[in-house]
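Okay, thanks for coming, everyone. I'll put the structure up and then we'll walk through it together.

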Amino acid sequence: MLWALCAWRLRYRPEHPDLDIVVLGDAPEDGFGRGFVHVKPADARRGLDDARALSRTRAQHMARSWRKVSGRSPVLSTEGVRADRTRKDLVELGTHQAAFFPRVDGSALTLSWVDDLLFACLEQDWSTPLDVFMHRSSAGDELRAGWGMRIGDCFLAMRLRQWAEHRGAEAALESVPYRSDRGPMLEARYRLTAVGDEIKRHGLAEIAQGAPLPVWGVTAYDPLAPWVVVDGGTAHQRIQRLEERATQDEE
(Lines give C-alpha, C1' and ligand atoms only; values in the text may rest on other atoms or scores of the structure.)
Protein backbone atom coordinates (compact mmCIF):
# COMPACT_ATOMS: atom_id res chain seq x y z
CA MET A 1 0.00 0.00 0.00
CA LEU A 2 2.91 2.35 0.70
CA TRP A 3 4.29 1.63 -2.77
CA ALA A 4 0.89 2.45 -4.30
CA LEU A 5 0.64 5.68 -2.29
CA CYS A 6 4.09 6.74 -3.47
CA ALA A 7 3.15 6.05 -7.10
CA TRP A 8 -0.07 8.06 -6.75
CA ARG A 9 1.54 11.05 -5.05
CA LEU A 10 4.41 11.20 -7.53
CA ARG A 11 1.97 11.09 -10.42
CA TYR A 12 0.00 14.09 -9.19
CA ARG A 13 2.73 15.89 -7.23
CA PRO A 14 5.99 14.88 -8.95
CA GLU A 15 8.14 17.64 -7.48
CA HIS A 16 6.78 17.66 -3.92
CA PRO A 17 5.11 14.37 -2.99
CA ASP A 18 5.40 15.38 0.70
CA LEU A 19 5.22 11.93 2.24
CA ASP A 20 5.96 11.20 5.88
CA ILE A 21 6.71 7.69 7.10
CA VAL A 22 5.95 6.29 10.53
CA VAL A 23 7.44 2.94 11.55
CA LEU A 24 5.50 0.97 14.15
CA GLY A 25 6.99 -2.26 15.41
CA ASP A 26 8.93 -4.83 13.40
CA ALA A 27 7.47 -6.53 10.33
CA PRO A 28 7.55 -10.35 10.35
CA GLU A 29 10.28 -11.99 8.31
CA ASP A 30 7.66 -13.37 5.96
CA GLY A 31 6.09 -10.24 4.52
CA PHE A 32 2.86 -12.11 3.74
CA GLY A 33 2.23 -12.73 7.38
CA ARG A 34 2.87 -15.76 9.47
CA GLY A 35 2.31 -13.34 12.31
CA PHE A 36 1.25 -9.80 13.08
CA VAL A 37 2.91 -6.58 14.19
CA HIS A 38 1.80 -5.90 17.75
CA VAL A 39 1.93 -2.25 18.79
CA LYS A 40 0.88 -0.76 22.13
CA PRO A 41 -0.87 2.66 22.22
CA ALA A 42 2.19 4.28 23.77
CA ASP A 43 4.34 2.91 20.92
CA ALA A 44 1.90 4.32 18.38
CA ARG A 45 2.09 7.78 19.97
CA ARG A 46 5.89 7.65 20.01
CA GLY A 47 5.86 6.59 16.37
CA LEU A 48 3.83 9.62 15.38
CA ASP A 49 6.29 11.84 17.24
CA ASP A 50 9.14 10.24 15.26
CA ALA A 51 7.56 10.71 11.82
CA ARG A 52 10.16 11.54 9.20
CA ALA A 53 10.00 12.72 5.64
CA LEU A 54 10.33 10.07 2.96
CA SER A 55 12.95 11.21 0.49
CA ARG A 56 11.86 11.77 -3.09
CA THR A 57 14.47 9.24 -4.25
CA ARG A 58 13.04 6.60 -1.93
CA ALA A 59 9.48 7.44 -3.01
CA GLN A 60 10.49 7.03 -6.66
CA HIS A 61 12.07 3.68 -5.86
CA MET A 62 8.85 2.47 -4.22
CA ALA A 63 6.74 3.82 -7.09
CA ARG A 64 8.81 1.82 -9.60
CA SER A 65 8.29 -1.28 -7.48
CA TRP A 66 4.53 -0.70 -7.50
CA ARG A 67 4.47 -0.29 -11.28
CA LYS A 68 6.31 -3.60 -11.59
CA VAL A 69 3.89 -5.40 -9.26
CA SER A 70 0.77 -3.93 -10.87
CA GLY A 71 2.03 -4.18 -14.45
CA ARG A 72 0.71 -6.31 -17.29
CA SER A 73 3.52 -8.83 -16.91
CA PRO A 74 4.06 -11.02 -13.82
CA VAL A 75 6.88 -9.93 -11.54
CA LEU A 76 8.98 -13.02 -12.33
CA SER A 77 8.47 -12.79 -16.08
CA THR A 78 11.67 -12.96 -18.10
CA GLU A 79 11.31 -9.34 -19.17
CA GLY A 80 13.29 -7.25 -16.72
CA VAL A 81 13.58 -10.00 -14.14
CA ARG A 82 17.38 -9.87 -13.95
CA ALA A 83 17.33 -6.22 -12.96
CA ASP A 84 14.97 -7.05 -10.12
CA ARG A 85 16.75 -10.11 -8.76
CA THR A 86 18.65 -8.00 -6.26
CA ARG A 87 15.36 -6.78 -4.82
CA LYS A 88 14.44 -9.34 -2.20
CA ASP A 89 11.01 -7.80 -1.63
CA LEU A 90 10.07 -7.96 -5.32
CA VAL A 91 11.30 -11.54 -5.62
CA GLU A 92 9.18 -12.54 -2.62
CA LEU A 93 6.14 -10.84 -4.12
CA GLY A 94 6.81 -12.47 -7.48
CA THR A 95 7.12 -15.90 -5.90
CA HIS A 96 3.79 -15.37 -4.13
CA GLN A 97 2.16 -14.24 -7.38
CA ALA A 98 3.59 -17.21 -9.29
CA ALA A 99 1.69 -19.63 -7.05
CA PHE A 100 -1.55 -18.60 -8.79
CA PHE A 101 -0.38 -19.28 -12.36
CA PRO A 102 -0.56 -22.64 -14.17
CA ARG A 103 2.70 -24.57 -14.41
CA VAL A 104 4.58 -26.40 -17.12
CA ASP A 105 5.89 -29.75 -15.87
CA GLY A 106 7.88 -31.31 -18.69
CA SER A 107 5.40 -31.33 -21.56
CA ALA A 108 2.34 -31.22 -19.29
CA LEU A 109 0.36 -28.12 -18.39
CA THR A 110 -0.73 -28.39 -14.76
CA LEU A 111 -2.75 -26.39 -12.28
CA SER A 112 -1.27 -23.54 -10.30
CA TRP A 113 0.17 -24.50 -6.94
CA VAL A 114 -2.79 -23.01 -5.04
CA ASP A 115 -5.40 -24.59 -7.35
CA ASP A 116 -3.57 -27.91 -7.10
CA LEU A 117 -4.00 -27.80 -3.32
CA LEU A 118 -7.70 -26.99 -3.71
CA PHE A 119 -8.29 -29.85 -6.14
CA ALA A 120 -6.36 -32.22 -3.87
CA CYS A 121 -8.88 -31.44 -1.12
CA LEU A 122 -11.89 -32.10 -3.38
CA GLU A 123 -13.46 -35.42 -4.20
CA GLN A 124 -16.61 -36.52 -6.01
CA ASP A 125 -18.51 -36.13 -2.73
CA TRP A 126 -19.92 -32.73 -1.80
CA SER A 127 -17.70 -30.35 0.20
CA THR A 128 -18.18 -26.81 1.45
CA PRO A 129 -15.26 -24.35 1.27
CA LEU A 130 -14.90 -24.94 5.01
CA ASP A 131 -14.58 -28.69 4.40
CA VAL A 132 -11.88 -27.99 1.82
CA PHE A 133 -10.00 -25.67 4.16
CA MET A 134 -10.16 -28.18 7.04
CA HIS A 135 -9.39 -31.22 4.85
CA ARG A 136 -7.33 -33.80 6.73
CA SER A 137 -4.45 -34.26 4.33
CA SER A 138 -1.05 -32.82 3.54
CA ALA A 139 -2.74 -30.52 1.03
CA GLY A 140 -5.18 -29.34 3.70
CA ASP A 141 -2.30 -28.76 6.10
CA GLU A 142 -0.53 -26.67 3.47
CA LEU A 143 -3.66 -24.63 2.77
CA ARG A 144 -4.05 -23.80 6.44
CA ALA A 145 -0.44 -23.37 7.53
CA GLY A 146 1.13 -22.16 4.32
CA TRP A 147 -1.66 -20.08 2.77
CA GLY A 148 -4.33 -19.36 5.36
CA MET A 149 -2.59 -16.22 6.64
CA ARG A 150 -1.62 -15.09 3.14
CA ILE A 151 -4.88 -15.27 1.24
CA GLY A 152 -7.59 -15.82 3.86
CA ASP A 153 -10.27 -18.49 3.88
CA CYS A 154 -12.79 -16.42 1.90
CA PHE A 155 -10.45 -16.50 -1.09
CA LEU A 156 -10.94 -20.28 -1.20
CA ALA A 157 -14.72 -19.85 -1.37
CA MET A 158 -14.35 -17.30 -4.17
CA ARG A 159 -11.95 -19.53 -6.10
CA LEU A 160 -14.19 -22.58 -5.86
CA ARG A 161 -17.10 -20.51 -7.16
CA GLN A 162 -14.98 -19.29 -10.08
CA TRP A 163 -14.12 -22.84 -11.07
CA ALA A 164 -17.77 -23.93 -10.82
CA GLU A 165 -18.94 -21.04 -13.01
CA HIS A 166 -16.21 -21.38 -15.64
CA ARG A 167 -17.12 -23.05 -18.94
CA GLY A 168 -20.68 -23.98 -18.02
CA ALA A 169 -21.42 -27.62 -18.81
CA GLU A 170 -17.68 -28.32 -19.11
CA ALA A 171 -16.86 -26.86 -15.69
CA ALA A 172 -14.34 -28.67 -13.50
CA LEU A 173 -16.58 -28.28 -10.44
CA GLU A 174 -20.30 -28.39 -9.91
CA SER A 175 -22.02 -26.64 -7.03
CA VAL A 176 -25.30 -26.61 -5.13
CA PRO A 177 -26.54 -24.00 -2.63
CA TYR A 178 -26.06 -24.93 1.01
CA ARG A 179 -26.22 -22.36 3.86
CA SER A 180 -26.18 -18.93 2.24
CA ASP A 181 -27.11 -17.34 5.58
CA ARG A 182 -23.86 -18.56 7.17
CA GLY A 183 -21.33 -16.68 5.03
CA PRO A 184 -19.15 -17.62 2.03
CA MET A 185 -17.51 -20.65 3.66
CA LEU A 186 -20.87 -22.43 3.87
CA GLU A 187 -22.93 -20.82 1.12
CA ALA A 188 -22.45 -23.71 -1.33
CA ARG A 189 -21.11 -27.23 -1.68
CA TYR A 190 -18.80 -28.36 -4.46
CA ARG A 191 -17.54 -31.55 -6.03
CA LEU A 192 -15.35 -32.54 -8.94
CA THR A 193 -16.96 -33.26 -12.28
CA ALA A 194 -15.48 -35.80 -14.70
CA VAL A 195 -13.61 -32.86 -16.29
CA GLY A 196 -12.30 -31.77 -12.90
CA ASP A 197 -11.18 -35.27 -12.03
CA GLU A 198 -9.31 -35.49 -15.33
CA ILE A 199 -7.60 -32.15 -14.64
CA LYS A 200 -6.71 -33.28 -11.13
CA ARG A 201 -5.14 -36.49 -12.39
CA HIS A 202 -3.56 -35.47 -15.69
CA GLY A 203 -3.40 -31.69 -15.88
CA LEU A 204 -4.94 -29.18 -18.25
CA ALA A 205 -5.69 -29.95 -21.88
CA GLU A 206 -5.37 -26.22 -22.61
CA ILE A 207 -4.88 -23.09 -20.58
CA ALA A 208 -8.46 -21.96 -21.26
CA GLN A 209 -9.70 -24.85 -19.10
CA GLY A 210 -8.57 -22.91 -16.05
CA ALA A 211 -10.84 -20.37 -14.39
CA PRO A 212 -9.32 -16.90 -14.96
CA LEU A 213 -7.95 -15.21 -11.85
CA PRO A 214 -6.79 -11.57 -11.72
CA VAL A 215 -3.52 -11.36 -9.79
CA TRP A 216 -2.63 -7.68 -9.46
CA GLY A 217 -2.12 -6.29 -12.98
CA VAL A 218 -2.26 -9.59 -14.85
CA THR A 219 -4.67 -12.53 -15.14
CA ALA A 220 -3.79 -16.18 -14.58
CA TYR A 221 -5.23 -18.75 -17.02
CA ASP A 222 -5.78 -16.07 -19.65
CA PRO A 223 -5.62 -17.69 -23.13
CA LEU A 224 -4.84 -14.29 -24.66
CA ALA A 225 -1.85 -13.84 -22.33
CA PRO A 226 -0.91 -17.41 -21.38
CA TRP A 227 1.67 -16.92 -18.63
CA VAL A 228 2.98 -20.14 -17.07
CA VAL A 229 5.46 -20.97 -14.31
CA VAL A 230 8.58 -22.81 -15.43
CA ASP A 231 11.34 -24.30 -13.28
CA GLY A 232 8.84 -24.24 -10.44
CA GLY A 233 10.83 -26.72 -8.38
CA THR A 234 14.08 -24.77 -8.48
CA ALA A 235 15.48 -21.64 -6.89
CA HIS A 236 15.28 -19.91 -10.28
CA GLN A 237 11.50 -20.03 -10.69
CA ARG A 238 10.23 -17.70 -13.39
CA ILE A 239 7.18 -17.05 -15.51
CA GLN A 240 7.09 -17.17 -19.31
CA ARG A 241 4.50 -16.95 -22.03
CA LEU A 242 3.43 -20.42 -23.06
CA GLU A 243 4.44 -19.83 -26.67
CA GLU A 244 7.94 -18.85 -25.54
CA ARG A 245 8.25 -22.10 -23.64
CA ALA A 246 7.09 -24.09 -26.68
CA THR A 247 9.70 -22.36 -28.87
CA GLN A 248 12.46 -23.23 -26.40
CA ASP A 249 11.37 -26.87 -26.32
CA GLU A 250 11.52 -27.03 -30.12
CA GLU A 251 15.03 -25.56 -30.12
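Let's begin on the outside, with a nonpolar patch on the surface made up of Val-22, Leu-24, Val-37, Val-39 and Leu-48. Together those side chains have about 370 Å² of accessible area. Keep in mind that this is a predicted model. If you want to find the patch on screen, look for Leu-24 in the loop between strand E1 (20–21) and helix H2 (41–49). Leu-24 counts as partly exposed, since its relative accessibility is 36%.

Now to the inside. Which residues of helix H1, residues 2–12, are buried? We get Trp-3, Ala-4, Cys-6, Ala-7, Arg-9 and Leu-10. And yes, there's an arginine in that list: Arg-9. The cover over the buried residues of H1 includes helix H3 (56–69) and helix H5 (88–98).

While we're on Cys-6: its relative accessibility is 0%, so it counts as buried. Cys-121 is buried too, at 1%. How many disulfides does the structure hold? Zero. For anyone who's rusty, a disulfide is a covalent bond between the sulfur atoms of two cysteines.

Next stop, strand E9, residues 227–230. Both of its faces are covered. On one side you have Trp-227 and Val-229, on the other Val-228 and Val-230, and all of them are buried. E9 pairs with strand E10 (residues 238–241) in the antiparallel sense, over four bridges. If you follow that pairing across, Trp-227 stands opposite Arg-241 in E10.

Arg-241 takes us to charges, because its side chain also meets Glu-243 in a salt bridge, at 3.4 Å from N to O,. Arg-241 is partly exposed at 21% relative accessibility, so it falls just on that side of the 20% cut-off for buried. Its partner Glu-243 is partly exposed as well, with a relative accessible area of 41%.

How many salt bridges turn up across the whole structure? A full search finds 13. One of them joins Glu-123 and Lys-200, with the closest N and O atoms 3.9 Å apart. Glu-123 is in the loop between helix H6 (113–120) and helix H7 (129–133), while Lys-200 is in helix H10 (residues 194–202), so this pair ties together parts that are 77 residues apart in sequence. Glu-123 is partly exposed, at 41% relative accessible area, and Lys-200 is partly exposed at 29%.

Another salt bridge is between the side chains of Arg-179 and Asp-181, 3.6 Å from N to O. Arg-179 counts as partly exposed, at 33%, whereas Asp-181 is exposed, at 60%.

Last topic: backbone angles. Most residues other than glycine have a negative phi. Here are two residues with a positive value. Arg-167 has a phi near 75°, and you'll find it in the loop between helix H9 (153–165) and strand E5 (173–177). Tyr-221 has a phi near 60°, and its place is the loop between strand E8 (218–220) and E9.

So, buried or exposed, where do these two stand? Arg-167 counts as partly exposed, at 32% relative accessibility. Tyr-221, at 1%, counts as buried. And that loop leads us back to strand E9, the one with both faces covered. Okay, that's my tour, over to you.

Key
Residues are numbered from 1 along each chain as its sequence is written. This is a predicted model: local features need pLDDT of at least 70, side-chain atom pairs count only at pLDDT 80 or more; totals for chains, interfaces and linings use all residues. Side-chain values use heavy atoms; hydrogens and water are left out. A disulfide is a pair of cysteine sulfur atoms within 2.5 Å. Buried means under 20% relative accessible area, exposed over 50%, partly exposed in between (1.4 Å probe, protein chains only). Two strands pair if DSSP finds at least two bridges between them. A salt bridge is a side-chain nitrogen of Lys or Arg within 4 Å of a carboxyl oxygen of Asp or Glu. Patches are made of residues with over 30% relative accessible area and no salt bridge: like charges are joined within 9 Å, nonpolar side chains (Val, Leu, Ile, Met, Phe, Trp, Tyr) within 5 Å. Accessible areas come from the Shrake-Rupley method with a 1.4 Å probe; for residues, only the protein chains shown count as cover. Contact means heavy atoms within 4.5 Å.
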